[in-house]
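Student: Could you walk me through a structure the way you would read one yourself? I would like the general idea of each feature and then a real case.

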Amino acid sequence: MSVQQAPWKIPERTTSEPVLKIYNSLTRTKTEFVPKNGRHVKWYNCGPTVYDASHMGHARNYVTQDILRRIMTDYFGYDVHFVMNITDIDDKIIVRARQNHLLEKFRAVTTSLSPELISHILSAWRSHVRVKIGRALSESDRPRNGEEESAWSRLIEQVQDNAWKQECLKRDEKFDMHLSSAVRTLSAVHIAQSRLDNGQTGLDAAHQLIDESRDILAQSLDSQLSATVTDPAIPRSLAAFWEGQFFKDMDRLRVREPNTVTRVTEYVPEIVAFVEKIIHNGYAYEAEGSVYFDTKAFDHAEGHDYAKLEPWSKGNRELLEDGEGALSKKTGSRSASDFALWKASKPGEPSWPSPWGPGRPGWHIECSVMASAIFGDNMDIHSGGIDLAFPHHDNELAQSEAYHDCGSWVNYFIHTGHLHIEGLKMSKSLKNFITIDEILERHTARQLRIAFLTQLWNAKVDFSESLMTGEVRGLELTLNNFFTIVKALVTQARMEFTKSDGCHYYDTPEIELMNYFHESQSKFRAALCDSFNTPAALDVLRELVSKTNVYINSRGKTLNVKVVENCARWVGQMLRMFGLGEGENSEIGWGQDDHGSGGNINREEILMPYLRQLSSFRDGVRRFAIEKNGSALKDILALCDKLRDVDLIPLGVALDDQEGQFSLVKLVPPAELSRARDEKRAQAEAKHAKKAAAAEAERLKRQQKLEKGRIPPQDFFKPPNIDKGTYSSWDDDGIPLTDKDGKELSKNQAKKVRKDWETQRKLHVEYMAWKDKSGIDYQFNYLIEANFIISIEPAHSKTI
């Protein structure tokens with residue numbers, strides 16, 4: 001009989017692993033994520049409309065989407081194909097490019113300041129006041145043609161009334177912005193008129209007027225000359241420029257590039273074919289060269305529903321009009337909710353050939369066509385900002401499902417929440433509009449990412465300075481300190497490695513910390529499975545760091561560095577997974593900063609051998625100085641402190657003295673060390689100033705007390721120490737007996753003056769004792785008469 005192995009059975013699972021659930025806008029609930037094709041995930045993200053500088057709203061959306069993408073790929077291990085579009089055909093691009101072109105052309109042909117130029121701009125100003133500002137005014141306040149100047153004076157008075165102004169902002173949130181443009185332009189006109197009257201008609205004066213009134217002048221030129229702008233390169237060059245700036249900003253924010261980038265201008269033939277098929281399927285119709293999607297026909301068709309994301313917004317005319325664009329005129333559409341798939345181009349707008357005549361794509365159709373070209377009739381994830389849910393994404397779903405004749409084009413819709421600045425919606429009109437350039441001058445890309453990580457991806461984010469200087473900066477400092485200490489401990493342990501001393505250094509504290517470490521890993525996974533709950537995940541990391549710090553501080557020479565290293569390496573890996581740093585998984589900390597000039601140079605490897613020698617020298621000097629006596633030894637210690645507190649700080653080197661052990665060498669960014677040193681100095685100076693102020697207050701109090709005590713009690717109630725005539729008689733001690741009329745003091749009056757006299761007697765005794773002790777005569781009378789008492793000075797030592 002052959003020898004056989006003992007039977008084996010599959011272990012019973014004691015703890016189940018959580019499954020990933022995502023908040024799905026299609027259900028308004030957290031639903032289990034189930035990709036259709038194994039671990040392959042098709043993900044389409046709505047990209048920017050490129051016509052201006054990227055701002056904090058872009059940062060909120062694209063950094064957040066990048067965090068979610070990194071979690072999916074780097075943590076959960078999905079094979080994500082991430083596609084993002086660039087909208088380079090749009091009403092905003094056309095208008096901005098056209099206005100810029102016309103303004104620059106107007107500026108180039110204007111060579112002097114003239115009455116005609118001022119009249120032209122003043123006419124544009126009047127139109128702006130009537131139309132743009134008039135939108136926000138009540139019917140009774142709205143200026144009529146020819147009454148703009150008289151209405152303006154009244155308007156400037158009314159705007160001082162905050163309640164009146166708030167009513168205007170309710171009617172048009174851009175009221176403040178339009179008003180500012182009008183104020184700036186009118187001021188420029190008045191200055192220009194004054195210069196013209198004084199004969200200053202040069203090129204600089206003319207161009208200054210144009211530059212100061214550019215917002216209003218550009219609108220006026222566009223309304224008059226838009227049809228003359230026929231070169232399609234004009235909007236394309238604007239879009240190309242801002243696309244380049246957008247990707248530069250994303251790189252600075254450490255947002256990964258999409259796997260695939262699509263541009264509308266590259267897919268126009270596919271868009272035309274897509275629209276043709278929707279018409280063929282019975283869900284669109286042509287009208288006057290444009291093609292509209294028939295929302296009612298689609299909504300009534302079996303297996304289809306219009307506005308799956310926000311059915312309550314179907315009739316929201318304001319959202320529908322905003323989705324169609326500023327240049328759209330819905331002539332021939334059958335319903336207010338029908339939207340343009342193809343727009344007939346008017347003079348001054350770019351156009352492409354189509355079966356319905358020259359035109360251009362509608363906004364919503366572009367994403368449907370490009371996503372379908374890459375992914376076909378279904379995708380796993382579609383993402384974008386919550387402001388795109390209706391009508392953009394609802395229209396995308398409808399036209400795509402009409403084209404593919406399917407019931408579900410997108411399986412999971414995820415929308416990032418709104419961004420508010422200091423509690424208010426970000427808007428140029430509210431003067432809280434922040435570009436990415438501006439925000440990166442105040443905070444680092446890492447700090448911005450931490451700010452977004454501390455709040456749920458699908459919730460409204462309130463971005464504030466208190467958030468950045470409080471929670472964000474505090475968490476960054478905590479992690480910085482933790483990593484520098486752990487790296488120093490690991491380096492020191494390797495430098496001092498010797499053969500085993502017979503102790504395993506793995507006792508109850510180490511077991512408890514490792515158990516907590518593994519619990520933290522489970523909690524971290526559970527948090528991310530809970531619809532990417534990054535605030536909870538950060539809390540797990542924060543608590544593990546705190547627990548590890550407690551262990552480090554409590555174990556002393558019995559510290560097990562490997563246990564600490566395990567915790568620190570995992571924390572660093574998770575932070576890098578969130579995009580907070582770059583580098584190898586084996587590194588401790590944030591990792592190397594690939595965006596700096598140093599590339600991937602490892603500072604520890606290069607500098608540490610030299611720093612250890614320097615530290616050893618300093619340790620020897622300190623040991624020698626501590627063992628000896630004399631002033632020279634104090635100087636040596638002071639020199640050591642100077643090396644630590646002054647000389648090494650610009651090099652980014654921190655030395656921590658340890659009782660009876662070698663100093664701990666830490667590499668820290670020089671700016672952080674300088675900031676910490678300056679803060680420590682400022683605290684010490686503030687403490688010293690507070691102490692000095694208290695001493696000065698006490699000195700003044702003592703001085704006032706001594707000054708009062710110089711009056712003998714028998715003279716205290718007599719002139720000139722009180723007003724003449726207050727009392728008419730006194731006893732032998734100088735205590736008043738009668739008032740100015742010779743009437744005997746009442747019992748209460750007598751009691752009070754007796755109490756005041758006794759207080760003065762004690763003060764005078766103290767004064768005389770102090771005077772006798774100092775042996776100096778003080779010129780109080782002269783000082784008082786001169787009203788010049790600052791401090792008590794001896795007569796023989798200072799001439800006043």
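## Reading the features one by one

Student: Is Gln447 buried or exposed?

Tutor: Gln447 has a relative accessible area of 11%. Buried means under 20%, so Gln447 counts as buried. Please keep in mind throughout that this is a predicted model.

Student: Where is Gln447 found?

Tutor: Its place is in helix H16, which covers residues 445-453.

Student: With which residues is Gln447 in contact, leaving aside neighbours within four places in sequence?

Tutor: Those residues are Met468, Val472, Arg473 and Glu476. Look at Glu476 in particular: its side chain and that of Gln447 are joined by a polar contact of 2.9 Å.

Student: Let's try another residue. Is Asp222 buried or exposed?

Tutor: Asp222 has 9% relative accessibility, so it counts as buried. You will find Asp222 in helix H8, residues 214-225. Beyond its neighbours within four places in sequence, Asp222 contacts Val95, Arg98, Gln99 and Leu102.

Student: And what about the residues in between buried and exposed?

Tutor: Exposed means over 50%, and partly exposed falls between that and the buried limit. Gly57 in helix H1 has 24% relative accessibility, so it counts as partly exposed. Glu471 in helix H17, residues 465-495, is partly exposed too, at 36%.

Student: Which residues do those two touch, not counting residues up to four places away in sequence?

Tutor: Gly57 touches Leu419 and Met426, while Glu471 touches Thr454, Ser466 and Arg542. You can also compare sequence separation with distance in space. From Gly57 to Glu266 there are 209 residues in sequence and 26 Å in space, C-alpha to C-alpha. For Glu471 and Ser150, the C-alpha atoms are 52 Å apart, with a sequence separation of 321 residues.

Student: Now helices. How do I describe two that pack together?

Tutor: Two packed helices are described by the angle between their axes and by the distance between the axes. Helix H23 (residues 670-709) and helix H24 (residues 747-774) pack at about 105 degrees, and their axes are 7 Å apart. Angles of 65 to 115 degrees count as roughly perpendicular, so H23 and H24 are roughly perpendicular to each other.

Student: Which residues of H23 and H24 make the contact?

Tutor: H23 brings Arg702, Lys705, Leu706, Lys708 and Gly709. From H24 come Gln760, Leu763, His764, Glu766, Tyr767 and Trp770. Sorted by class, this contact has four nonpolar, three polar and four charged residues.

Student: How should I read a pair of aromatic rings?

Tutor: A pair of aromatic rings is described by the distance of the centres and the angle of the planes. The whole structure has 24 aromatic pairs. One of them is Tyr62 with Phe246, with centres 5.2 Å apart and 80 degrees between the planes, an edge-to-face arrangement. Tyr62 is in helix H1 (residues 56-75) and Phe246 in helix H9 (residues 233-252), so that this pair links distant parts of the chain, 184 residues apart. Tyr62 and Phe246 are both buried.

Student: Which residues do ring pairs link into a cluster?

Tutor: That cluster consists of Tyr75, Phe76, Phe517, Phe524, Trp570 and Phe578.

Student: Let's finish with the backbone. Which peptide bonds should I look at?

Tutor: Try the bond from Phe390 to Pro391, which is cis with omega near 5 degrees. Pro391 is in helix H14, residues 389-404. The bond from Pro719 to Pro720 is also cis, with omega near 10 degrees, and Pro720 sits in the loop between H23 and strand S17 (727-730).

Student: Where is there a positive phi in a residue other than glycine?

Tutor: Glu288 has phi near 55 degrees, and Ala307 has a positive phi of about 65 degrees. Glu288 is in the loop between strand S6 (284-287) and strand S7 (290-293). Ala307 is in the loop between helix H11 (295-300) and helix H12 (317-324).

Student: Are Glu288 and Ala307 buried or exposed?

Tutor: Glu288 is exposed, with a relative accessible area of 61%, whereas Ala307 is buried, with 2%.

Notes
Residues numbered from 1 in each chain as written. Predicted model: local features only at pLDDT ≥ 70, side-chain atom pairs only at ≥ 80, totals over all residues. Heavy atoms only, no water. Axes fitted to C-alpha atoms, helices over the stretch in contact; angles between N-to-C directions. Helix = DSSP H or I, 4+ residues; strand = E, 2+ residues; numbered from the N terminus. Parallel < 35°, antiparallel > 145°, perpendicular 65-115°, else oblique. Contact = heavy atoms within 4.5 Å. Nonpolar A, V, L, I, M, F, W, Y, C, P; charged D, E, K, R; others polar. Buried < 20%, exposed > 50% of the residue type's maximum accessible area, 1.4 Å probe, protein only. Polar contact = N/O pair within 3.5 Å; in protein donor to acceptor, adjacent residues only side chain to side chain. Phe/Tyr/Trp six-rings, centres within 6.5 Å; stacked < 30°, edge-to-face > 60°.
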